[in-house]
Amino acid sequence: MSERVDEDLQSLDRVLSIEIARVTERAAVAAATLRGRGDERAADRAAVDAMKRELAALAIQGTIVVGEGEKDQVPSLYIGEQIGAGGFSADVALDPLEGTTLCAKSLPGALTILAIARQGSLMHAPDVYMEKIAVGPGFPDGIVSLDRSPADNLNALAAAKGVSVGQITACILDRPRHAKLIESIRETGAAIRLIGDGDIAGVIQTTSPAETGIDIYMGIGGAPEGVLAAAALACMGGQMEGRLQLNTGEKRTRAEKLGLGDPDRIYRLADMVRGDVVFAATGVTDGNLLDGVRFHQGRIETHTLVMRMQTRTIRDIRARHYEFEKFGL
């Protein structure tokens with residue numbers, strides 16, 4: 001068993017090199033050709049097709065555990081799909097275009113995202129909502145929790161940072177379902193950064209509040225996005241909790257098939273990411289986290305983060321691509 005783990009870790013080292021970045025770069029460029037065109041479906045399809053082509057050449061025997069949806073809902077990159085050219089057995093979590101609306105409207109923050117881990121390491125999240133709370137590194141374990149009120153969490157975080165609550169900024173998806181949460185946060189005196197889409201980036205930005213201005217992420221978003229955000233936090237450091245929103249019998253049944261049928265259970269970071277993981281994200285449009293794709297005469301520029309949990313390595317890759325045919329352009 002230990003020999004297999006060692007081999008898998010060596011394989012992750014290889015995947016961590018340029019190959020994983022190439023996958024998200026190709027998807028980002030494909031989506032970026034449709035920035036501002038108002039067609040979310042076309043932008044997403046372009047990213048999916050490009051990512052699938054690159055994944056087919058990756059040296060893994062991968063199973064998608066977080067993807068575009070169930071097999072009967074989407075034709076490609078669906079949960080359970082086998083991908084890769086062969087190699088070590090891996091869990092694959094992906095979002096070919098995080099922020100389809102952002103891309104279609106050419107708004108900040110659209111990304112392409114991929115996480116790869118040894119088989120059995122990533123939570124198989126059903127396509128339901130998840131209540132989330134996340135902070136960056138450097139705080140005592142359990143500094144925030146879904147079992148506490150928003151005010152208690154904000155006060156605890158402010159005390160740990162040595163500032164007043166009025167100097168804390170919470171990132172929340174701008175959705176009607178968050179009206180009470182927003183009201184509760186504003187009553188404490190904390191600030192709120194509302195985002196239209198892209199809650200994976202919202203969680204990641206808690207890791208560098210001095211640069212992003214975001215101290216904590218709170219609210220309800222997709223469970224698959226929660227697993228991808230947890231993969232990033234596992235690499236960068238931080239804390240996160242999630243609770244599945246299983247408010248119908250159909251959702252509970254789907255979750256139970258994955259062994260996740262308890263609607264009251266709180267999943268911590270270690271529950272969502274149970275081993276080493278590599279994570280890559282490439283900017284499609286400009287944002288606080290990454291710059292978007294740039295098209296110039298004779299070259300394309302991309303900006304990518306590639307990270308690994310075990311080594312806490314974060315690679316900031318600004319690439320210039322001169323062979324347009326590799327992108328199908």
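Which residues does Glu98 touch, not counting residues up to four places away in sequence? They are Gly109, Ala110, Leu111, Ile113, Gly198, Asp199, Ile200, Ala201 and Glu225, where contact means heavy atoms within 4.5 Å.

Before going further, a word on the ground rules. This is a predicted model, in which local features need pLDDT of at least 70 and side-chain atom pairs count only at pLDDT 80 or more, while totals for chains, interfaces and linings use all residues. Residues are numbered from 1 along each chain as its sequence is written, and side-chain values use heavy atoms, with hydrogens and water left out.

**The annotated site and the pocket**

An unreviewed UniProt entry lists Asp95, Glu98 and Glu225 under "binding site"; its positions follow the numbering used here, feature names are shortened, and annotations may be inferred rather than shown by experiment. The three are spread over 131 residues of sequence, yet they cluster in space, with a largest C-alpha distance of 8.7 Å. Asp95, Glu98 and Glu225 also belong to the lining of the largest pocket. On a 1 Å grid over the protein atoms alone, a pocket is an open set of points where a 1.4 Å probe fits, with protein on both sides within 12 Å along at least five of seven lines, and lining residues have an atom within 4 Å of a point.

Asp95 lies in strand S3 (residues 88-98), and Glu98 has its place in S3 too. Helices (H or I, at least four residues) and strands (E, at least two) are DSSP runs, numbered from the N terminus. Leaving aside neighbours within four places in sequence, Asp95 is in contact with Glu68, Leu111, Thr112, Ile113, Ile200, Glu225 and Leu228.

The pocket has a volume of about 750 Å³, meaning the space filled by probe spheres set on grid points that are joined across faces, edges and corners. Of its 32 lining residues, Glu68, Asp95, Leu97, Thr100 and Glu225 are the closest to its centre. Two or more lining residues come from each of helix H2 (40-55), S3, helix H3 (100-104), strand S8 (216-222) and helix H8 (223-236).

**Accessibility at a glance**

Buried means under 20% relative accessible area, exposed over 50%, and partly exposed in between (1.4 Å probe, protein chains only).

| Residue | Relative accessible area | Class |
|---|---|---|
| Asp95 | 9% | buried |
| Glu98 | 5% | buried |
| Cys171 | 0% | buried |
| Cys235 | 1% | buried |
| Ser106 | 42% | partly exposed |
| Arg312 | 51% | exposed |

Ser106 sits in the loop between H3 and S4, and its phi is near 55°, a positive value in a residue other than glycine. Arg312 is in the loop between S13 and strand S14 (313-321) and, although not a glycine, has a positive phi of about 50°.

**A covered strand**

In strand S11 (residues 277-283), seven of seven residues are buried. Val277, Phe279, Ala281 and Gly283 point one way, while Val278, Ala280 and Thr282 point the other way. Strands pair if DSSP finds at least two bridges between them. S11 runs antiparallel to strand S4 (residues 111-118), joined by seven bridges, with Ala117 opposite Val277. Five bridges link S11 to strand S13 (residues 299-308), again antiparallel, and Leu305 in S13 is the bridge partner of Ala281.

**Cysteines**

The whole structure holds zero disulfides, counted as pairs of cysteine sulfur atoms within 2.5 Å. Why is Cys171 without a bond? The closest cysteine sulfur, in Cys103, is 20 Å from the sulfur of Cys171, which is too far.
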